[in-house]
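Q: I should like to take a close look at a single part of this structure. Please treat that part in one connected account, suited to a first-year student.

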Amino acid sequence: MVIIIGGASHSGKTFLSKKLIEKYKIPCTSLDHIKMGLIRGFNDCGFSAVDSDETIAEKMWGFIEGFIRTCIENNQNTILEGCYFPCEKVKKLLCDDLTVVFIVLSKQYIIENFDKIIKYEKIVEDRKFPESREIKFFINENERLKEECIKYELPYFEITGNYFEGLEKILEYIKSKAVKICRYSHNDINEICSMFCDTVKHINKRDYTAEQIAAWMGGIDKDKWDKSLSEHFSLEVKVMGKIAAFGDIDGEYLDRLYVHKDFQGLGYGKIILIHSKSKLYSQDLKGFGHVRL
């Protein structure tokens, strides 16, 4: 999955991306870095750092579109954040493997919090030059972006009050797109076995000796696991296509339950337990698909 985080300057795109990196363990690319790479890497890349955002977005789009399509074709998860996403062209790329979010600051929010907006411009990255644009610029840019999002029916979140509450709503929206629960698939056996070994080696070592861990990991048989997972009521939680947790019920008993070492403490094991319990009581699990935690 590719996640696009768009928004006008100083709307908190980089800060939101940092949260997503921490949560989903996927890389992020800043369009500002791509922009400067093109400017510094070529004598004439077709634009300069002082051109308008609209001009830069138009000139960079071919590169950005190619980057997005390549990631999707290769089933790679990544985040792209920046100001240079033309709404009309982003609309044409929409698909199940692309999640788009634009951050918009309301006029009232900018007026009431402009000092904070400028103060926190270095919260993630060290900007070398102080902001010289006036408040009117930020108001106009956010209003223009909102109009574009409405026109092309693209998801946007307008911050009107508490910024961090608004941020949580965006994170919840992205989570609803990124996290899925599904039945076990034979095609996932290699990933499940690899994830099991990583979990035992990195997490369970806290409670077992090195000899016990080695024996535990050495006892795995892919063919037997595939057979039992196929015969049992087995579930997987996938985060952006990557297995974050899996578990299975053998009759009335929970046989296995493992959470990926990179997704500990995020509630994915709980999802397995809740739906397994539902299966035991109803013998009919409905509603597979996107999940909200």
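How many bridges join β4 to β5, and do the two run parallel or antiparallel? Please describe the surroundings of these strands as well.

A: The model shown is a predicted one. In it, β4 and β5 run parallel and are joined by four bridges. One residue of β4 can be followed across this pairing: Leu105 has Ile159, in β5, as its bridge partner. As a general matter, the strands of a sheet pair through backbone hydrogen bonds, in either a parallel or an antiparallel manner.

The two strands belong to a wider arrangement. Five strands make up an open sheet with parallel pairing, and their order is β2-β3-β1-β4-β5. The edges of this sheet are β2 (28-30) and β5 (156-159), each of which pairs on one side only. On average, and with direction ignored, neighbouring strands of the sheet are turned by 20° against each other. In the order of the sheet, β4 stands between β1 and β5.

The end of β4 leads to a residue that deserves attention. Ser106 is found in the loop between β4 (98-105) and α5 (107-119). Its relative accessible area is 7%, which is under the 20% limit, and Ser106 is therefore counted as buried. When neighbours within four places in sequence are left aside, the contacts of Ser106 are Glu158, Ile159 and Thr160. Among these, Ile159 is the residue already met as the bridge partner of Leu105.

Two helices lie across this part of the sheet. Helix α6, residues 135-151, lies across β1 (2-7), β4 and β5, and runs at about 145° to β4. Helix α7, residues 163-178, also lies across β1, β4 and β5, and its angle to β4 is about 170°.

The loop between α6 and β5 contains Glu153. This residue forms a salt bridge with Lys91, and the closest N and O atoms of the pair are 3.7 Å apart. Because Lys91 lies in helix α4 (residues 87-93) and Glu153 in that loop, the salt bridge ties together parts that are 62 residues apart in sequence. The two partners may also be described by their accessibility: Glu153 is exposed, with a relative accessible area of 61%, whereas Lys91 is partly exposed, at 31%.

Helix α7 offers a salt bridge within a single element. Glu172 and Lys175 both lie in this helix, three residues apart, which is about one turn of the helix. Their closest N and O atoms are 3.3 Å apart in the salt bridge that they form. Glu172 is partly exposed, with a relative accessible area of 23%, while Lys175 is buried, with a value of 10%.

Helix α6 and its surroundings complete the account. Residues 135-151 make up this helix, and a network of salt bridges links Glu141 and Arg144 with Glu54. In the structure as a whole, a search finds 15 salt bridges.

To return to the starting point, the four bridges between β4 and β5 lie in a sheet of five strands with parallel pairing. Beside this pairing, the buried Ser106 is in contact with Glu158, Ile159 and Thr160, and helices α6 and α7 lie across both strands.

Definitions and conventions. Residues numbered from 1 in each chain as written. Predicted model: local features only at pLDDT ≥ 70, side-chain atom pairs only at ≥ 80, totals over all residues. Heavy atoms only, no water. Buried < 20%, exposed > 50% of the residue type's maximum accessible area, 1.4 Å probe, protein only. Contact = heavy atoms within 4.5 Å. Pairing = 2+ DSSP bridges. Axes fitted to C-alpha atoms, helices over the stretch in contact; angles between N-to-C directions. Salt bridge = Lys/Arg side-chain N within 4 Å of Asp/Glu carboxyl O.
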